[in-house]
Amino acid sequence: MYISFSDRGSAQGTASPPGRPVATRVSSVVIALGIVSLVTDVSSESVSAILPLYITGVLGLSTVAYGLLDGIYQGVSAIVRIAGGWAADRGDQPKWIAFFGYGLSVLARTGLLFATGFTSLAAVIAVDRLGKGVRTAPRDALITASSLPENLGRSFGVHRMLDTVGAAVGPLLAFAILFAIPDGYDTVFVVSLAFAIVGVFVLGLVVPNTRPSAERAAPGTSRASFRWAQLRDPRLRRLLLTAGLLGIVTIGDGFIYLVLQSRDAFAAAWFPLLYVGTNVVFLLLAIPLGKLADRFGRARVFVCGHLALLAAYASAAVPVAGLPTTILCLIALGAFYASTDGILAALAAQSTSEASRATAIASAQTVVAATRLIASTGFGVLWFAVGRGDAMLIIAGALALLIPLAALVLRGAFDRTQTT
């Protein structure tokens, strides 16, 4: 693979001619969007890495309250994901819809400096996640429009790799601040705001205003128009059902890390490093698993990725404390994200026409966000009712039952040789 900073020929959405080697270039638009995501993830993940301890330790809220807040964090973006995708498709201006979403997150980072209780913190988290919901599908639609169909998994892998660099740096930054200033949560929030502002500026000034439908329309013809009927593809329906089944048993990372911290009783200052471990694995595996998905089938890799999530649950649930089980848990969790995050978007893009691509991606992400809201909220109550160990065993058992069902639902829906 090489990364090209020339988009010539890479964004036309056509497969390579027969007999020629498959192109492996990654568009400069993908790289630019990856840099935006990198900087933004430094901002968001530096906060996410300390939020579980900040909520339960500094603010003194219960695991039920944390479950509600984590549910908001995981799922409130579902409210606007389809709206963001629809707006990008309808106006054929995905960059500026994404820009608005990133701007909302900047606003939320500012509010975080003044949030001191459950209600205000819930409002800040909601605004931040609404911003993420608005921006994600338009951004992924830009990635799809700038990539060759046969390399779509690789392009998402490159983007997710850059995104995950930021997701690894953010917790490291939070760790460094808390190590130097034990109660420096406000300092983390200020630094987070600064990085969020940089991300918005990079998006506005560097990323081109790609208009996927208009630029791909044949000369002398009008661009394809969006119609809701374009979302009736049976493959998309099966993908949404699968994403919902698996999302309902996918709890937030913060809960898994709280289980590890409670079991191993390590110092709170080390807590952000759990996020680093997961994101480093994600970083290392994003491109290889994206290439694997392009070659052997995106649906297969997506379902098998949930076996890694099952391994993470099992590692957290075992009563054996120590570094080896913690490392195994982080490796499994990182592998789960590398094999599902970008690949879900690629599958959704493969399930519909170009004119409705952002809305299809948003639909899949909406289902995931909504079901994870339920999962996190329910797990918080479950932890409170039966304890962390039994709660982890219950959620792991449910996931083990649903993985074969998900594989059955997707069986035969996506031909591995099919392109968008």
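Visitor: What makes helix 11 and helix 16 roughly parallel to each other?
Guide: Start with the angle: in this predicted model, the axes of helix 11 (residues 253-264) and helix 16 (residues 357-386) cross at roughly 25 degrees. Angles under 35 degrees count as roughly parallel, so that label fits helix 11 and helix 16. Their axes also come within 11 Å.

Visitor: Which residues make the contact?
Guide: From helix 11 you have Phe255, Leu258, Val259 and Ser262, and they meet Ser376, Phe379, Gly380 and Trp383 of helix 16. Sorted by type, the residues of this contact give 5 nonpolar, 3 polar and no charged. If the polar count puzzles you, Gly goes with the polar group by definition.

Visitor: Why is Asp92 called buried?
Guide: Buried means under 20% relative accessible area. Asp92 comes in at 2% relative accessibility, so it counts as buried. You'll find Asp92 in the loop between helix 4 (78-91) and helix 5 (94-112). Its phi is near 55 degrees, a positive value in a residue other than glycine.

Visitor: How do you know which elements have the lowest and the highest mean pLDDT?
Guide: Just look at the averages: strand 1 (residues 2-3) has the lowest at 40, and helix 17 (residues 388-410) has the highest at 94. Over residues 1-23 the pLDDT is below 50, though the model still gives this stretch 48 contacts beyond near neighbours in sequence. Residues 416-420 also stay under 50, with 14 contacts beyond four places in sequence.

Visitor: And what is the mean pLDDT of the chain?
Guide: It's 82, and 86% of the residues reach 70 or more.

Conventions:
Residues numbered from 1 in each chain as written. Predicted model: local features only at pLDDT ≥ 70, side-chain atom pairs only at ≥ 80, totals over all residues. Heavy atoms only, no water. pLDDT = per-residue confidence, 0-100. Helix = DSSP H or I, 4+ residues; strand = E, 2+ residues; numbered from the N terminus. Contact = heavy atoms within 4.5 Å. Buried < 20%, exposed > 50% of the residue type's maximum accessible area, 1.4 Å probe, protein only. Axes fitted to C-alpha atoms, helices over the stretch in contact; angles between N-to-C directions. Parallel < 35°, antiparallel > 145°, perpendicular 65-115°, else oblique.
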